[in-house]
Every structure is written in structure tokens, then in C-alpha cells.
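Got your viewer open and a selection tool ready? Let's walk through this one stop by stop, picking residues as we go.

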Amino acid sequence: MSHFNQNIDELTKKRVLKGQQQACCQVYDSYASPVYNLAYRMLQNPDDAQDVMQNSFITAFQKINQWSGQVAFGYWLRKIVINQCLDLIKKNHQHTAIESQPQLSSTVSIQYDHQHDLNLLLSQLPPLSRSVLWLYEVEGMTHSEIADLYQMSTSFSKSQLARSKQLLTQWLQSQQQHHEHKY
């Protein structure tokens, strides 16, 4: 079950609207870990993830009156986090164009096994591909939802997902070959 599937009650919402610190702390404590983890997985930078987490909570607390309650509070907060991450990716110009062929790092030398560290694998992807992969495979978003977030077509999401999987497969195969040649 996703931590983002959790909800807050109407009383907590009202207390947050009034700026009551205890209510804000309660909400923060409930969601800080999944918010940070999502930001980190998309950005692969702990400082940026921390900044996105803080900015996301500030935005959520300032705009909580815009949360309709029709979706779980966590899903509403998740969308804020994703948008903050995408804004940072765009701001840093770290994403690659769809037409470009990013090269995976071959300088990372690790001993190959089937239990690769998720962070290492994700760090091999360009931010745009990594974020689409994470949103689709882990957050369970549809291609249509991802396309809406990026303000692109559904085929954009599908192609980025396919590209990220292809890049990871190539990287894993090269690591396996590197390991086999060593022994």
C-alpha cells in the first residue's frame, strides 16, 4: 500500500489552515519519508530532494484549502512533489531531448550480481527518463497521467519508459560482460 494513499481528517485540515504548528508537524511527520523518497528517486540528489521536500510541504500548507478531499491528501501532496521535481529538472536543464541518445556511465566499476543497488541503477539514467520510469513503475501512474504532468503526449511517456528500460538493460549487460572478462 502506498503511503500516499493516506488521508488527513477535516479537523487536521482546518488546523493546518489556521497555521497551527502541531497540526503541520503531524502532517509533516506522516508524509516526510515518502515525500523525500519520491523526490530522491526522481532527482538522485539528496540536497535537491531535501529542498523539494521542504518546498512541497510549504506549498501544501499554503494551498491546503485547494485540496478538495476527492482524492487522498497523500495523492494531492504527491502531485505537488512531482511538480516540484519536474520544475527543478527543467530549471537545471538536466533532461535530455527525446531525440538524443544518452550514454550510460561506464566509469562506474562494481561487481555484478543480480541484486544491484536501486540508487546506482537509477543514477545511470538521465533525469527525464528516470522520473518517467519511477512514476510509472513505482508510483503506479498511467502514461496519460505522466504525459499530463510533462505537458506532452502519451507516446512521450511510453517512449521515455522504453528508453529507460533499454538503457538499464544495456548497462547491466555491459557490467555483466565486464565482470565475466575479469574472471
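Start by selecting tyrosine 40: its relative accessible area is 18%, so it counts as buried. Add tyrosine 36, which at 23% relative accessibility is partly exposed. Bear in mind that this is a predicted model. Both tyrosines sit in helix H2, four residues apart, or about one turn of the helix. Now look at the rings: their centres are 6.1 Å apart and their planes meet at 15°, so this pair is stacked. A search of the whole structure turns up seven aromatic pairs. For another look at ring pairs, select Tyr31, Trp67, Phe73 and Trp76, which are linked into a cluster.

Keep Tyr31 selected and show helix H2 as a ribbon. Where does H2 kink? At tyrosine 31, by about 50°, shortly before proline 34. Try the end-to-end distance too: H2 spans only 29 Å between its end C-alpha atoms, whereas a straight helix of 23 residues would span 33 Å at 1.5 Å a residue.

Further along H2, pick asparagine 37. With 37% relative accessibility, asparagine 37 is partly exposed. Draw a C-alpha to C-alpha distance from asparagine 37 to alanine 49: they are twelve residues apart in sequence and 7.9 Å apart in space.

Next, step off the end of the helix. H2 is followed by glutamine 44, with a positive phi near 55°. Why stop here? Most residues other than glycine have a negative phi. Glutamine 44 sits in the loop between helix H2 (21-43) and helix H3 (46-62). Is glutamine 44 buried or exposed? Its relative accessibility is 16%, so it counts as buried.

Jump to glutamine 151 for a second case: it is not a glycine, yet its phi is positive at about 55°. Glutamine 151 belongs to the loop between helix H7 (143-150) and helix H8 (154-182). Here the relative accessible area is 69%, so glutamine 151 is exposed.

Time to go inside. The largest nonpolar core has 50 residues, and those touching the most other members are Tyr31, Val35, Met42, Phe73, Ile82, Leu135 and Tyr150. At least two core residues each come from H2, H3, helix H4 (73-91), helix H5 (118-123), helix H6 (127-137), H7 and H8. The largest share, eleven residues, is supplied by H2.

Zoom in on leucine 135 and display its surroundings. Which residues does leucine 135 contact, leaving aside neighbours within four places in sequence? They are Met42, Ile82, Gly140, Met141, Ile146, Leu149 and Tyr150.

Now move to helix H8 and select serine 164. Its relative accessible area is 0%, so serine 164 is buried. Setting aside neighbours within four places in sequence, serine 164 is in contact with Leu125, Ser129 and Leu133.

Finish with the cysteines. How many disulfides are there? The count is zero, taking sulfur atoms within 2.5 Å as the cut-off. Select cysteine 24: the nearest cysteine sulfur belongs to cysteine 25 and is 7.1 Å away, and cysteine 24 is in no disulfide. At 15% relative accessible area, cysteine 24 is buried. Last pick: cysteine 85, also buried, with a relative accessibility of 0%.

Conventions: Residues are numbered from 1 along each chain as its sequence is written. This is a predicted model: local features need pLDDT of at least 70, side-chain atom pairs count only at pLDDT 80 or more; totals for chains, interfaces and linings use all residues. Side-chain values use heavy atoms; hydrogens and water are left out. Buried means under 20% relative accessible area, exposed over 50%, partly exposed in between (1.4 Å probe, protein chains only). The expected span of a helix is 1.5 Å times one less than its number of residues. The bend at a residue is the angle between axes fitted to the seven residues ending there and the seven starting there. A nonpolar core is a set of buried Ala, Val, Leu, Ile, Met, Phe, Trp, Tyr and Cys residues joined through side-chain atoms within 4.5 Å. Contact means heavy atoms within 4.5 Å. Rings of Phe, Tyr and Trp (its six-membered ring) pair if their centres lie within 6.5 Å; planes under 30 degrees apart count as stacked, over 60 as edge-to-face and the rest as tilted.
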